[in-house]
Amino acid sequence: MKKSNRRQFLKTTSFAVLSLGTFPHCLAANKKSNADLIQDGLEGDCPPTTLDLYGEGPFYTANPPVIQEFMLAGESEPGTRLIVSGRVYDLSCNEFIPNTIIDVWHANDAGAYDNQGYNLRGQTTSNAQGYYMFNTIRPGKYLNGSQFRPSHIHFKITPPGFPTLTTQLYFEGDTDIPADAAASVTTGQFDASDRIIPLTTNDDGHFEGTWDIIINGDGITVGTSNLHIDKGMIYEVTPNPFNGRLDIRYGVFRKSIISLLVHDLNGREVAKLEERELVPEKYTATWEPEGYIPNGHYFVSLKVNGQQVHYSKVLLQRV
């Protein structure tokens, strides 16, 4: 499809209403907006995940437990619920990296760390498709000298056979970011720009954020990053959460073999919704999970000629 035709396609899909959380933060954080990048026919930069100026900080505890059922914070933990998810990519953003160890810890709602036990501390791994997710609370703030540190989550990220990267994740709109020595860095090896992510609110009133990790490691080439959305994209999944029926609206920008797949949080394929050659156009697919498919989060991914170009997280919530 010619660039001008693709611009018209995006215009007719009401692109402006898309949530930034649908895109990997490596694209969302570019100086130009997502819409500008796509309509200009450009692929976004692929900036590697950076170190944080404060490193791991003084509150790290070694040998954290494995996060069970993706719940870093128990259901009774005080605070506003927060779901963080994303995918781990290699430095080219052309391969995803499974089995990456992701060690996370953060303060509680009052801004205090558990330094005696392992509350709000845990370890997960990216699944067979490179995805990760954990359910927690939005961390509280605490004084660092005379200034509150912005809300943040600590990460130690270790791809198989490669060194660990230690960093911190922040959230857009936090008024303490500009005065923070680490979160305010915008250049160099401690640049935090791509580690300040937008949050959306789901139907349950919980925050959700998407953060894709870009790190040195050996990846798998059967999937590629959302930076290739010049080939096609998922532009709406509705309703989300859904109760038995999900409509996926997606676009194809050039004649291609299209696959639309659903994976669970362990990376297993649970549904194949589409696999055929399609011409440039808007399409809708429907997923009505079989009764044996349990409630929970799933990833819907779009592949173009065998190359994954876009994904979206959805929640099956039967009542």
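Helices (H or I, at least four residues) and strands (E, at least two) are DSSP runs, numbered from the N terminus. With this definition in hand, Pro 239 can be placed in the loop between β13 (232-238) and β14 (246-252). The structure is a predicted model, in which local features need pLDDT of at least 70 and side-chain atom pairs count only at pLDDT 80 or more, while totals for chains, interfaces and linings use all residues. Residues are numbered from 1 along each chain as its sequence is written, and side-chain values use heavy atoms, with hydrogens and water left out.

In overview, the protein contains three helices and 19 strands. Of its 319 residues, 53% count as buried; here buried means under 20% relative accessible area, exposed means over 50%, and partly exposed lies in between (1.4 Å probe, protein chains only). The accessible surface comes to about 13,600 Å², and carbon and sulfur atoms hold 48% of it. These areas come from the Shrake-Rupley method with a 1.4 Å probe, and for residues only the protein chains shown count as cover. A contact means heavy atoms within 4.5 Å. Among contacts with a separation of 6 or more, 70% are between residues 24 or more positions apart.

A good place to start exploring is a sheet. Strands of a sheet pair through backbone hydrogen bonds, either parallel or antiparallel. Two strands are taken to pair if DSSP finds at least two bridges between them. One open sheet is built of four strands in the order β16-β15-β18-β19, with antiparallel pairing. The edges are held by β16 (269-278) and β19 (307-316), each with a single partner strand, so one side of each is left without a neighbour in the sheet. On average, neighbouring strands of this sheet are turned by 15 degrees against each other, direction ignored. For such angles, axes are lines fitted to C-alpha atoms (for helices over the stretch in contact), and angles run from 0 to 180 degrees between N-to-C directions. Within the sheet, β15 (residues 256-263) and β16 are joined in the antiparallel sense over eight bridges. As a landmark in this pairing, Ser 259 stands opposite Glu 275 in β16.

The backbone also offers some details worth a look. Most residues other than glycine have a negative phi, and most peptide bonds are trans. Against this background, a cis peptide bond joins Thr 238 and Pro 239, with omega at about -10 degrees. Another cis peptide bond links Asn 240 and Pro 241, where omega is about 10 degrees. Pro 241, too, is found in the loop between β13 and β14.

Positive phi values turn up as well. Asn 99 is not a glycine, yet its phi is positive, at about 60 degrees. This residue sits in the loop between β1 (81-89) and β2 (101-105) and is exposed, with a relative accessible area of 52%. Leu 120 likewise has a positive phi of about 60 degrees without being a glycine. Its place is the loop between β2 and β3 (121-125), and at 1% relative accessibility Leu 120 counts as buried.

What links distant parts of the chain? Cys 46 and Cys 93 form a disulfide, with their sulfur atoms 2.0 Å apart. The rule asks for a pair of cysteine sulfur atoms within 2.5 Å, and the count by this rule comes to one disulfide. The two cysteines are 47 residues apart, with Cys 46 in the loop between α3 (34-39) and β1, and Cys 93 in the loop between β1 and β2. The torsion about the S-S bond of Cys 46 and Cys 93 is about 85 degrees, so the disulfide is right-handed. Cys 46 is partly exposed at 21% relative accessibility, whereas Cys 93 is buried at 1%.

The loop between β8 (165-171) and β9 (196-197) holds Ile 177, which counts as buried at 10% relative accessibility. Leaving aside residues up to four places away in sequence, Ile 177 touches Pro 150, Tyr 170, Phe 171, Ala 183, Ser 184 and Ile 196. Its C-alpha atom is separated by 8.7 Å from that of Ser 151, 26 residues apart along the chain.

Arg 195 is also found in the loop between β8 and β9. Is Arg 195 buried or exposed? With a relative accessible area of 1%, Arg 195 is buried. Its side chain and that of Asp 52 are joined by a polar contact of 3.0 Å. A polar contact is a pair of N or O atoms within 3.5 Å; within protein, one must be able to donate a hydrogen and the other to accept it, and residues adjacent in sequence count only if both atoms are side-chain atoms. In addition, a polar atom of the Arg 195 side chain lies 3.3 Å from the backbone oxygen of Phe 190.
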